[in-house]
Every structure is written in structure tokens, then in C-alpha cells.
Amino acid sequence: MGDTKIFEDLVEFLKQKRDNVTFIDIIRLAEIASQSLQAFFTTFDATVYRELREIAGYIDAMRQEMGALQANEIKNSRIPAAGQELSEIVKATENATNTIMECAETLMAADASDPAAYKALVDEKMVLIFEACSFQDITGQRIAKVVEALQHIEERVARFATAMQAKDLDGFLTESERERAERKERLLLHGPQHEGKAIGQSDVDSLLTGKTAAA
Amino acid sequence: MAFDLSMPVLVVDDYNTMIRIIRNLLKQIGFQDIDDAADGSAALAKMREKKYGLVISDWNMEPMTGYELLKEVRSDPSLSKTPFIMVTAESKTENVIAAKKAGVNNYIVKPFNAQTLQSKIEAVFGE
């Protein structure tokens with residue numbers, strides 16, 4: 001109400017005093033303007049203070065959510081550990097494959113003219129093949145650890161995104177991401193498909209001969 | 001057989017185990033002269049030094065893919081007639097169509113067995 005009265009006085013003053021403006025008039029005008037601005041700044045201060053408090057609260061909540069994300073633990077511990085497990089899996093499968101293939105190659109090249117010696121060689125290589133196949137148990141356990149790490153990361157990132165009401169930016173974030181995606185698209189690099197999505201050899205044969213369209 | 005088992009075969013794959021598997025299967029069929037390369041550009045260099053009777057290539061390799069190798073081979077008059085079989089895990093219709101358009105002679109989806117490899121080689125040579 002006070003603000004309105006001051007404003008009305010100012011309007012009235014400006015309407016009435018068009019000619020012969022005196023020094024007292026100017027002082028009066030300055031007084032009215034000063035009172036008006038004081039009221040404005042009082043309101044402005046309260047609004048800004050409220051908004052700054054909201055921003056401070058948001059920053060505090062964000063800091064807590066970032067702490068809960070455990071980004072450093074993910075970066076320094078979980079991801080390197082998962083990478084190490086995957087590296088061990090590759091090594092184990094490679095070693096097992098090499099052992100099995102060496103056995104197979106030895107048997108293929110073996111002289112079978114002496115049945116007893118050949119049987120002994122086959123037995124020896126079969127034992128090696130069985131032993132090599134034990135990699136599957138170990139790699140299964142390692143894969144379970146990688147899956148657990150991925151689930152841990154997924155849960156925290158999902159919680160963070162929900163708390164921050166995060167919206168994804170369109171497009172690629174880095175030049176290398178854009179280049180990789182462009183290469184994959186241009187060279188049709190899809191990689192192995194899941195069961196049901198991949199076409200089989202008979203579909204491929206049909207496509208090549210043009211007899212039947214594949215699904 | 002219509003094809004000559006003494007002809008050189010080039011196996012192109014970036015995974016050493018797969019090269020070893022295909023090499024052994026080819027030996028079982030009767031091929032003896034088998035070379036290998038780890039990607040398309042290495043294969044192209046070998047093909048320009050030696051005349052191969054058959055190329056068996058993976059698709060997904062770096063830096064040059066099998067698809068790029070196929071297109072390079074078909075665009076080079078001195079290599080364009082070389083029979084080319086794609087052996088790959090790329091099992092989408094658009095890959096098969098693209099390979100067919102680029103001039104592939106046959107296309108094998110991984111995982112495959114010895115019989116499939118042999119039958120596709122025979123098909124390429126009109127058996």
C-alpha cells in the first residue's frame with residue numbers, strides 16, 4: 001500500500017508541475033524517487049535472498065548426491081578391477097584355446113601306424129584337453145564379478161541422474177566418439193547379434209542366391 | 001574337385017585363434033599353401049605380391065575391414081577375379097546385401113563348422 005501511495009504522489013507531481021520547476025520541486029522529486037527505490041530494494045533484497053538460499057540448498061543437495069555417486073571409487077577401483085577381470089578372462093580363454101588346438105594339431109599330425117603308441121598319445125592329449133576346459137569355471141566367476149561391478153555403477157549413476165533430473169544432451173560429446181560411431185555406420189560394423197536378431201546361414205544363403213528374402 | 005588344392009589361400013583375420021582354426025580346417029580339406037594376414041591392408045599388400053586362388057576374410061578388423069578389402073580387391077583389375085569368401089560374426093541382412101553388392105562369392109556366419117566351410121568353398125568353385 002505504501003509503495004502505491006509514493007508512486008501515485010510521483011505521478012501526480014509530474015502531471016501538475018510542467019512549467020516553472022523550482023529547486024524545491026527537484027528536491028521533492030528526488031525525495032519521492034528515493035522513497036520509491038528504497039521500497040523496491042527492500043523487496044528485491046528479500047527475493048534475491050530467497051533465491052540465493054534455494055540455490056545454496058540445491059548446491060548442497062547436489063554435493064551430497066555427487067558424494068553418493070562415489071565417482072572416485074568407481075573410477076579408481078571398480079572400473080580398473082572390472083578391466084583386470086576381463087583381461088584375465090581373455091588370457092584364460094586364449095591359453096585354453098591354444099592348449100586344445102595344440103592337442104588337436106598334434107593328434108592330426110600323429111603317426112597312427114603303431115596303435116598302442118597312438119592310443120597313449122590320444123589319452124595324454126585328451127587329459128590335457130579336459131584340464132584346459134576347466135577355464136570355463138574360473139572365467140564364469142570372473143564374469144560374475146564384472147557383472148556385479150557394472151550393476152554397482154548402473155545403480156549409482158541411475159540414482160544420480162534421477163536426483164539431478166539429468167537430461168541427456170543430443171549428439172556426441174567428443175570428436176573420437178563421433179568418429180567411432182561414423183566408422184561403425186559407414187562400414188556396417190554391428191558385431192555379433194543376440195539370438196533371435198541374427199540371421200542364420202540358411203538366410204544368408206537365400207540372400208546370396210536371391211531365392212528367398214531373409215527375415 | 002574343380003578347384004586346385006595346390007592353389008594358395010589367404011586367410012585374413014585379426015584373431016590369431018580364428019586364423020589357426022581356418023588354417024587347420026583348410027589343411028583337412030587338402031590345401032597346403034595357406035598364408036594369413038591380420039587386416040585388410042596387410043592382406044592387400046600380400047595379394048599384390050602373390051597371386052592367391054582364394055581369399056577367406058573376416059569383416060570386422062582394424063585399420064582396414066574385410067568389407068573395405070573386398071571393395072579394394074574388386075576395384076583392382078589385377079585382383080578383381082580372386083574368389084572371396086567372407087567369414088564373419090556380422091549377421092545382419094544389410095551386411096550380406098552390402099557384401100553381395102560389393103562382389104563377395106560367398107558368406108559364412110560365425111560360428112561355423114568344417115562342413116559349412118568346405119561346402120561354401122566348393123560352391124564358389126562350382127562344385
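Contact here means that heavy atoms lie within 4.5 Å. In this predicted model, 26 residues of chain A are in contact with 31 residues of chain B, and one residue that takes part in such contacts is Thr65(B), which touches Arg183(A), Leu187(A) and Leu189(A). The points below begin with the two chains and their interface, then turn to Thr65(B), to a strand of chain B and to the nonpolar cores.

**The two chains and their interface**

- Chain A is divided into domain 1, covering 2–65, and domain 2, covering 71–162, and the C-alpha centres of these two domains lie 75 Å apart.
- Between chain A and chain B an area of about 2400 Å² is buried, and carbon and sulfur atoms give 56% of it.
- Of the area that chain A buries against chain B, 23% is supplied by Leu188(A), Gln201(A) and Leu208(A), which is more than any other three residues supply.

**Thr65(B), a buried loop residue**

- Thr65(B) is placed in the loop between E3 and H3 of chain B, and because its relative accessible area is 0%, Thr65(B) counts as buried.
- Leaving aside neighbours within four places in sequence, the contacts of Thr65(B) in its own chain are with Gly40(B) and Trp59(B), alongside those with Arg183(A), Leu187(A) and Leu189(A) of chain A.

**Strand E3 of chain B**

- Strand E3(B), residues 54–57, is covered on both faces, with Leu54(B) and Ile56(B) buried on one side and Val55(B) and Ser57(B) buried on the other.
- E3(B) pairs in the parallel sense with strand E1(B), residues 9–12, over four bridges, and it also runs parallel to strand E4(B), residues 84–88, to which three bridges join it.
- Val55(B) is the bridge partner of Leu10(B), and Val55(B) also has a bridge partner in E4(B), namely Phe84(B).
- Together with helix H3(B), residues 66–75, the strands E3(B) and E4(B) make a right-handed β-α-β unit.

**Nonpolar cores**

- In soluble globular proteins, nonpolar side chains tend to be buried together.
- The largest nonpolar core holds 32 residues, of which Leu10(B), Val12(B), Met47(B), Trp59(B), Leu69(B), Phe84(B) and Tyr107(B) touch the most other members.
- At least two residues of this core come from each of helix H7 of chain A and, in chain B, E1, H2, H3, E4, H4 and E5.
- Leu69(B), not counting residues up to four places away in sequence, touches Val12(B), Gly40(B), Ala43(B), Leu44(B), Met47(B), Ser57(B), Met64(B) and Phe84(B).
- Apart from the largest core lies another core of 20 residues, among them Met7(B), Leu54(B), Ile85(B) and Phe112(B).

How values were computed: Residues numbered from 1 in each chain as written. Chains lettered and ligands numbered in written order. Predicted model: local features only at pLDDT ≥ 70, side-chain atom pairs only at ≥ 80, totals over all residues. Heavy atoms only, no water. Buried < 20%, exposed > 50% of the residue type's maximum accessible area, 1.4 Å probe, protein only. Pairing = 2+ DSSP bridges. Right-handed = clockwise from strand over helix to strand, strands pointing away. Domains from an automatic or database assignment. Core = buried A, V, L, I, M, F, W, Y, C linked by side-chain atoms within 4.5 Å. Buried area = accessible area lost by both parts, 1.4 Å probe.
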